[in-house]
Amino acid sequence: MKTIDKIYVNGEFITPQGTEYFDLISPTTNEKLGKVLLGNQKDTQNAIAAAKAAFKTFSKTTTAERIQYLKNIQASIEKRKEEFIDVMIEEYGGTRQFVTISYDYMLKGFESAINLLNTYNFTKTMGESEVQMTPLGVVGIIIPWNSSNGFICSKLSTAIVAGCTTVIKPSEMSAQQTQLIAECLHEAGLPKGVFNIVNGLGEIVGAEISRNPDIAKISFTGSTNVGKIIAKEAVETMKRVTLELGGKSPNIILDDANFSEAIPLAIIAAYMNSGQACIAGTRLLVPENRLEEVKELIKEVISNTIVGDPKNETTAVGPMVSAKQYERVQSYIQTGINEGAEILTGGLGKPQGLEKGNFVKPTVFVNVNNQMRIAREEIFGPVLSVITYKTEEEAVEIANDTTYGLQAYVSSSDEKRAHKIASQINAGRVQINGIGHDPMAPFGGFKQSGIGREFGTMGLEAYLEPKALIR
């Protein structure tokens, strides 16, 4: 049983002034793993003050100094690979398959940040003027539990590239993961106050970050509803915001695709991170005249999709992060049934032998229309809706008929045809014939999937303010 009773402020692990504890529960067994002592408003204010003081000097550091800090963090994380993987599996039930990829992406993010520092010109000429790209100030980083440390590293590394200092509010459910990354960051030897981490509740720590006038920018990843609350708070002091929010990603399989490859890929896209991913391809759009073939292929793939202990190498779908999330997913499955959709595979209840944890049967609905709640709302679990279309034009129309627009997928044996369809989809990223990540390409959403972009030059410039010197 582990007790985490420290936060990280101004270069030190300190005991927070908050007195409330939050229990850490295993999603695999629902047994208590430990507890974390939560910070309060005063702790958050102290962290912001430390970041504000550090900004005065850190904003003036050289490119070489920032590169060295990034290399130090990367080296520190590399030494503890197995610990990172094990704690993600234990604390939120991420499968070994997923968290290993997530760890690799986390490390590669530092290489991209270093590449940015080596190539980005912080002084530009526009018209006849000099334009200086200056660091914004203190950045409030608010992140969710699904790949917590990955979000910390990508957002913090961008802040370091820009010369900004940070106050980080991770999910209270990720306290063991947070402790590990904090130890690595401490070992990296960054100046005091450059990063500060306060464990705490959104309505206390997150609210103070959103309101405090000394925070210049907020970078948030999480639900659309919470993103709207943060944006409303932030506008009072005109904070800059980057909001990476929810999704209901369409996956269009065109009639010329290799269905024996496209359907297994579609299941992977839908059930990545056990369905607990904002980019999950949870709306599968298939040609109406190929539906029976699609159904047979899906049943075959699902029959070979292993649900179980996330520690096992072969497990593809692990538990939901909490009992509350399990109940949310069950509620949506019941909603799908009530709406008249047909369960092709899966359904209500827990898989046999997995009754102790928060396990959901990988579920696929057919006979879904795009107006059903299961096709319009983000479920955040292993639930896939299959929707049929008659023409390419109808497929694009259905794909874009959503309040979201974070990611989309297109499969076709004709690269040009796939590209043409992808270009018509209103989403921040469209995956063509695969699932990949480009850390130098922008990531973010259209519509209610967010505001702004992360990664690469566009992500960096969200942490910078242009200053024109006209002479």
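Begin with the aromatic rings, where rings of Phe, Tyr and Trp (for Trp, its six-membered ring) are taken to pair if their centres lie within 6.5 Å, a rule by which the count comes to 8 aromatic pairs. Select Y92 and W145, which form one such pair, 6.0 Å centre to centre and with 50 degrees between the planes. That pair is tilted, the term used when the planes are neither under 30 degrees apart, which counts as stacked, nor over 60, which counts as edge-to-face. Y92 lies in helix α3 (residues 81–92) and W145 in the loop between β8 (138–142) and α5, so the pair ties together parts that are 53 residues apart in sequence. Both Y92 and W145 are buried, where buried means under 20% relative accessible area, exposed means over 50%, and partly exposed lies in between (1.4 Å probe, protein chains only).

Before going on, keep in mind that this is a predicted model, in which local features need pLDDT of at least 70 and side-chain atom pairs count only at pLDDT 80 or more, while totals for chains, interfaces and linings use all residues. Residues are numbered from 1 along each chain as its sequence is written, and side-chain values use heavy atoms, with hydrogens and water left out.

Next select Y120 and F122, both of them buried. Their rings form an edge-to-face pair, at 4.9 Å centre to centre and 80 degrees between the planes. Then show Y8, F13 and F195 together, which ring pairs link into a cluster.

Two lysines can be visited with the rings beneath their charged ends. A charge is said to sit over a ring if NZ of Lys or CZ of Arg is within 6 Å of the ring centre and within 35 degrees of the ring normal. The charged end of K35 sits in this way over the ring of Y21, 4.4 Å from its centre, and the charged end of K350 sits over the ring of Y326, 4.9 Å from its centre.

Now turn to the helices, which, like the strands, are DSSP runs numbered from the N terminus (helices H or I, at least four residues; strands E, at least two). Select helix α5 (residues 148–162), whose 15 residues reach 22 Å from the first C-alpha to the last. This is close to the 21 Å expected at 1.5 Å a residue, the expected span being 1.5 Å times one less than the number of residues. Because 15 of the 15 residues of α5 are buried, the helix is largely enclosed by the rest of the structure. Just after α5 comes G163, whose phi is positive, near 90 degrees.

Return to α3 and add helix α6 (residues 175–187), whose axis comes within 8 Å of that of α3 and crosses it at roughly 160 degrees. Axes here are lines fitted to C-alpha atoms, for helices over the stretch in contact, and angles run from 0 to 180 degrees between N-to-C directions. α3 and α6 are therefore roughly antiparallel to each other, a term for angles over 145 degrees.

Finish with two residues that have positive phi without being glycine. N367, with phi of about 55 degrees, is found in the loop between β16 (363–366) and α12 (373–376), and N367 is partly exposed, with a relative accessible area of 46%. F455, with phi near 75 degrees, is placed in the loop between β20 (450–451) and α15 (456–461), where F455 counts as partly exposed at 23% relative accessibility.

Notes:
Angles under 35 degrees count as roughly parallel, over 145 as roughly antiparallel, 65 to 115 as roughly perpendicular and the rest as oblique.
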